[in-house]
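Work through the following exercises with the sequence and the model at hand. Each task is followed by a solution in steps.

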Amino acid sequence: MTATTEPIRLPAVPARRAGAWRRGRVIAAFAVLTALLLLAHPLVPNWAGNAGSLLETFLPWTGLFVVPLLAAALLRRSALALVALLLPALVWGGFFGGRLFDKRERGGDLTIVSHNVNDENPDPVGTARALAAAGAQVIALEELKKSEVPKYEDALAAGYPYHSVQGTVGVWSTFPLRATRPVAIMPWTRALQTTVDTPKGPVAVFVAHLPSVRVRLDAGFTANGRDAAMGLLADAVAAESAPRTVLVGDFNGTADDRALAPITGRMHSAQDEAGDGFGFSWPAGLPLARIDQIFVDGVRPVAAWTLPATGSDHLPVAATVVF
C-alpha cells in the first residue's frame, strides 16, 4: 500500500484584513517623517532664514501633525498607518510628556514675577497692581515706556520700597538691592543686573528684553539681532561669580530654540523643572509659545506658573525657588 501525503494548507487571510496592512502607505510615510522631524530638529539648518530656530520655537506643536494623519488612517482603515503613528506619538511623548504633569511644590524662599508690560499698555496702574497681588518679593518689568515709569513706581511703591529702572527694564523688590547696573546687549539699555539681599543670602538677578523677531517671506525668521544680544547676555551671566543667579525676561525665543543654548546650557528653566504644562506666555489672547523665561542657577525651582492676562500682549510668568 502506498501512502499519499497531501500538502498542509494554511488558513486563508481574509482580503479585507490583508488590505488593511497594504492601505495607507502615504499616511504611514508622513507619520515616519513627523517622527524624524522631531528627532532630527537640531539638524535643520539655520542658514536658510533661521529655519531651525523657527521650527524649534513651535516644536511642541508638531504633535498636532498626528491629528489629521490619525483621521486619515481611520478613514482609510489602515492598520499600517495606525501602527506607524505610534512612532511620532512616542517620540513627542519622550520630548514633551514630562511637561504635561504638575511638578509644583509648596513653600519656597523667593518668588519672582517677570512681565513684558508692553509699551502700549492702556492700564499701567492696573497691571502693576495685578502683579503686586501675586505676592512676589521681586518683580521684573520689560518694555517700560519712559513716560509711564512713574505710574508703575507709584503703584508699586507701598509694597516694593527698593527699585531701579535701567532703560526699558526695571526691577522692584521687597528686599534691598545693590550694585545695580545696565548690561550692554544692544545700543540702548534693555538689560540690567542687580543683587537682591534676601534674609537667606544674596541672589544675583538679571532682567533682559532681547530684540524682537519676525517671520518674513523675503528673509525668513529674522532672529540675528536677538541671537547676537543673546551671546552678550550669556557672557555677562557667565561672568557673574555669585553662587545664586536668576535670569528673567522676554527672550523672544523658547527654551527649545538653539539660539538660547548659551543660557540653557548653564541654567535651568523653572517652568520645565517645576511648572504645570508648557506655560505658554505669548500672545496673551491665545498663547502659542513661551518666550518669557525664568532661568535659575544655584537655587532650586519649586513652582512655576503664568499669571492672568493684563493690558499687555504677554502673560506674566512667575517662579518660586528655594536656596
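**Exercise 1. Place Glu-143 between its flanking elements and describe its backbone.**

Step 1. In this predicted model, Glu-143 belongs to the loop that runs between strand 2 (138-142) and helix 8 (149-156).

Step 2. The phi angle of Glu-143 is near 60°, which is a positive value in a residue other than glycine.

Step 3. Glu-143 also takes part in the lining of the second largest cavity.

**Exercise 2. Find the loop that holds Asn-118, and decide whether Asn-118 is buried or exposed.**

Step 1. The loop in question lies between strand 1 and helix 7 (124-132).

Step 2. Asn-118 is not a glycine, yet its phi is positive, at about 75°.

Step 3. The relative accessible area of Asn-118 is 15%. Buried means under 20%, so Asn-118 is buried.

Step 4. Like Glu-143, Asn-118 is listed in the lining of the second largest cavity.

**Exercise 3. State how many cavities of 30 Å³ or more the structure holds, and describe the lining of each.**

Step 1. There are two cavities of 30 Å³ or more.

Step 2. The largest cavity has about 160 Å³ of space. Its lining is made of 16 residues, and those nearest its centre are Arg-99, Thr-254, Asp-256, Phe-278 and Arg-290.

Step 3. By class, the lining of the largest cavity has six nonpolar, six polar and four charged residues.

Step 4. The second largest cavity has about 40 Å³ of space. Among its lining residues are Asn-121, Pro-124, Lys-145, Glu-148 and Tyr-152.

Step 5. The lining of the second largest cavity divides into three nonpolar, two polar and four charged residues.

**Exercise 4. Give the strand order of the open sheet of six strands, and explain why one side of strand 3 and of strand 13 is without a neighbour.**

Step 1. The order across the sheet is 3-4-2-1-14-13, and the pairing is mixed.

Step 2. Strand 3 (162-166) and strand 13 (300-306) are the edge strands; each has a single partner strand, so one side of each has no neighbour in the sheet.

Step 3. From one strand to the next, the twist averages 15°.

**Exercise 5. Follow the pairing from strand 13 through strand 14 and strand 1 to strand 2.**

Step 1. Strands of a sheet pair through backbone hydrogen bonds, in either the parallel or the antiparallel sense.

Step 2. Strand 13 pairs with strand 14 (residues 317-322) in the antiparallel sense, over six bridges. Ala-304 stands opposite Ala-319 of strand 14.

Step 3. Strand 14 is joined to strand 1 (residues 110-116) by five bridges, and these two strands run antiparallel. Thr-111 has Thr-320 of strand 14 as its bridge partner, and Ser-114 has Val-317.

Step 4. Strand 1 pairs with strand 2 in the parallel sense, again over five bridges. Here Asn-116 stands opposite Glu-142 in strand 2.

**Exercise 6. Decide how many residues of strand 14 and of strand 1 are buried, and sort them by face.**

Step 1. In strand 14, six of its six residues are buried.

Step 2. On one side of strand 14 are Val-317, Ala-319 and Val-321, and on the other are Ala-318, Thr-320 and Val-322; all are buried, and both faces are covered.

Step 3. In strand 1, seven of its seven residues are buried.

Step 4. One side of strand 1 carries Leu-110, Ile-112, Ser-114 and Asn-116, and the other carries Thr-111, Val-113 and His-115; both faces are covered here as well, with all of these residues buried.

**Exercise 7. Which element holds Thr-195, and with which residues is Thr-195 in contact?**

Step 1. Thr-195 lies in strand 6 (residues 191-198).

Step 2. The relative accessibility of Thr-195 is 13%, so Thr-195 counts as buried.

Step 3. With neighbours within four places in sequence left aside, Thr-195 is in contact with Pro-176, Leu-177, Arg-178, Pro-202, Val-203 and Ala-204.

**Exercise 8. Is the peptide bond from Trp-282 to Pro-283 cis or trans, and where does Pro-283 lie?**

Step 1. The bond is cis, with omega near -10°.

Step 2. Pro-283 is in the loop between helix 11 (270-274) and strand 12 (292-297).

Note on methods:
Residues numbered from 1 in each chain as written. Predicted model: local features only at pLDDT ≥ 70, side-chain atom pairs only at ≥ 80, totals over all residues. Heavy atoms only, no water. 1 Å grid on protein atoms, 1.4 Å probe; cavity = no way out; pocket = protein on both sides within 12 Å on 5 of 7 lines; lining within 4 Å. Points joined across faces, edges and corners; volume = space filled by probe spheres on them. Nonpolar A, V, L, I, M, F, W, Y, C, P; charged D, E, K, R; others polar. Pairing = 2+ DSSP bridges. Helix = DSSP H or I, 4+ residues; strand = E, 2+ residues; numbered from the N terminus. Axes fitted to C-alpha atoms, helices over the stretch in contact; angles between N-to-C directions. Buried < 20%, exposed > 50% of the residue type's maximum accessible area, 1.4 Å probe, protein only. Contact = heavy atoms within 4.5 Å.
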